[in-house]
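Dear colleague,

Please find below the sequence and structure that I am handing over to you. My findings follow directly after them.

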Amino acid sequence: MARWKKYYTYSIKSLLALFLFCHFANVGFAKDLHIAVASSFYQTASLLADAFQKQTHIKSSVVFASSGVLVTRYKQGADYDLLLVANPAYLKKITFSAKALVAQDQVAYWKVDSKVKINWDQMVANLQTAPVALANTVTAPFGEFTKNFLTQKHIKTKKQTLGMNEQMTYMLVSKNMVSQGFVSAARLTNKKINKDHWITLPVYIPLWIAVLHQSKEEAKYLAFLKTKTAKQILKKQGYQH
């Protein structure tokens with residue numbers, strides 16, 4: 001009996017060791033990825049992370065903020081593996097091993113309570129009579145690019161209410177805390193917002209991702225972004241790619 005128990009215990013330990021070896025050999029000791037993205041891209045980034053995990057079994061955590069804030073946090077020691085910004089100029093402030101253009105967004109003017117179909121002339125008139133929400137003009141490309149566009153076109157605004165980032169700006173308008181604002185066209189498309197209530201501006205937002213280290217997990221994620229699955233997600237979310 002003692003010999004049988006000893007043999008049984010040894011067999012169980014051997015099978016467990018074999019299982020663990022096969023398991024880790026299969027996943028290759030894959031590490032989780034920490035991905036930081038511009039706020040306008042957060043929902044899409046989360047969908048991409050889920051699809052990426054299904055294909056590769058690599059988990060990803062996604063955080064968001066305005067592009068400028070993300071870069072500042074990274075320079076201060078934030079542990080990111082991948083960084084997606086809405087203005088490639090921000091990437092000049094950090095060191096990275098590779099970068100790629102993921103998609104392109106566009107600035108949209110949105111009048112949440114409009115009773116008529118929005119056009120250019122109505123937008124200009126509305127901006128001069130009521131407050132408008134836009135993202136931070138220093139740290140958020142949506143705000144920075146919009147401000148530059150309004151200045152170049154000599155379009156005046158009565159009052160500007162700044163959101164910390166594009167997502168916060170969207171919330172201000174969607175809750176009707178401010179009746180009009182400049183937000184992501186991709187977001188409005190995805191949310192199926194009444195097309196009569198918004199128009200796109202000739203202001204484009206290129207979304208670039210930077211690989212901050214050189215791990216195989218990061219390389220796999222970059223390759224995943226080029227797959228049909230990723231492109232379908234981007235298209236469904238309203239992005240141009």
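Is M164 buried or exposed? Please note, before the reply, that the model is predicted. M164 has a relative accessible area of 61%, and because the threshold for an exposed residue is over 50%, M164 counts as exposed. Its place in the chain is the loop that runs between strand 6 (160–163) and helix 6 (166–174). On the surface, M164 joins M168 and M171 in a nonpolar patch. Together, these three residues have about 290 Å² of accessible area.

I turn next to helix 9, which spans residues 228–236. Its buried residues are A230, I233 and L234. These residues lie on the same side of helix 9, because the arc they cover around the axis is only 100 degrees. The face turned away from that buried side carries K228, K235 and K236, which are exposed. The cover over the buried residues of helix 9 includes helix 2 (42–56), strand 4 (98–111) and helix 8 (216–224). After helix 9 comes G238, with a positive phi near 95 degrees.

Within helix 9, A230 may merit your attention. Its relative accessible area is 0%, so A230 is buried. Leaving aside residues up to four places away in sequence, A230 touches L48, F224 and L225. A230 and A49 are 181 residues apart along the chain, yet a distance of 9.7 Å separates their C-alpha atoms.

Two further residues concern the backbone. Which values does phi take at H57 and K192? For H57, phi is positive at about 65 degrees, although H57 is not a glycine. For K192, likewise a residue other than glycine, phi is positive and near 55 degrees. H57 is found in the loop between helix 2 and strand 2 (60–65), whereas K192 is found in the loop between helix 7 (185–190) and strand 8 (198–211). H57 counts as exposed because its relative accessibility is 62%. K192 has a relative accessible area of 73%, so K192 is exposed as well.

In summary, the points I would ask you to inspect are the nonpolar patch of M164, M168 and M171, the buried side of helix 9 with A230, I233 and L234, and the positive phi values at H57 and K192.

With kind regards

Conventions
Residues are numbered from 1 along each chain as its sequence is written. This is a predicted model: local features need pLDDT of at least 70, side-chain atom pairs count only at pLDDT 80 or more; totals for chains, interfaces and linings use all residues. Side-chain values use heavy atoms; hydrogens and water are left out. Buried means under 20% relative accessible area, exposed over 50%, partly exposed in between (1.4 Å probe, protein chains only). Helices (H or I, at least four residues) and strands (E, at least two) are DSSP runs, numbered from the N terminus. The arc is that of the directions from the helix axis to the C-beta atoms. Contact means heavy atoms within 4.5 Å. Patches are made of residues with over 30% relative accessible area and no salt bridge: like charges are joined within 9 Å, nonpolar side chains (Val, Leu, Ile, Met, Phe, Trp, Tyr) within 5 Å. Accessible areas come from the Shrake-Rupley method with a 1.4 Å probe; for residues, only the protein chains shown count as cover. A salt bridge is a side-chain nitrogen of Lys or Arg within 4 Å of a carboxyl oxygen of Asp or Glu.
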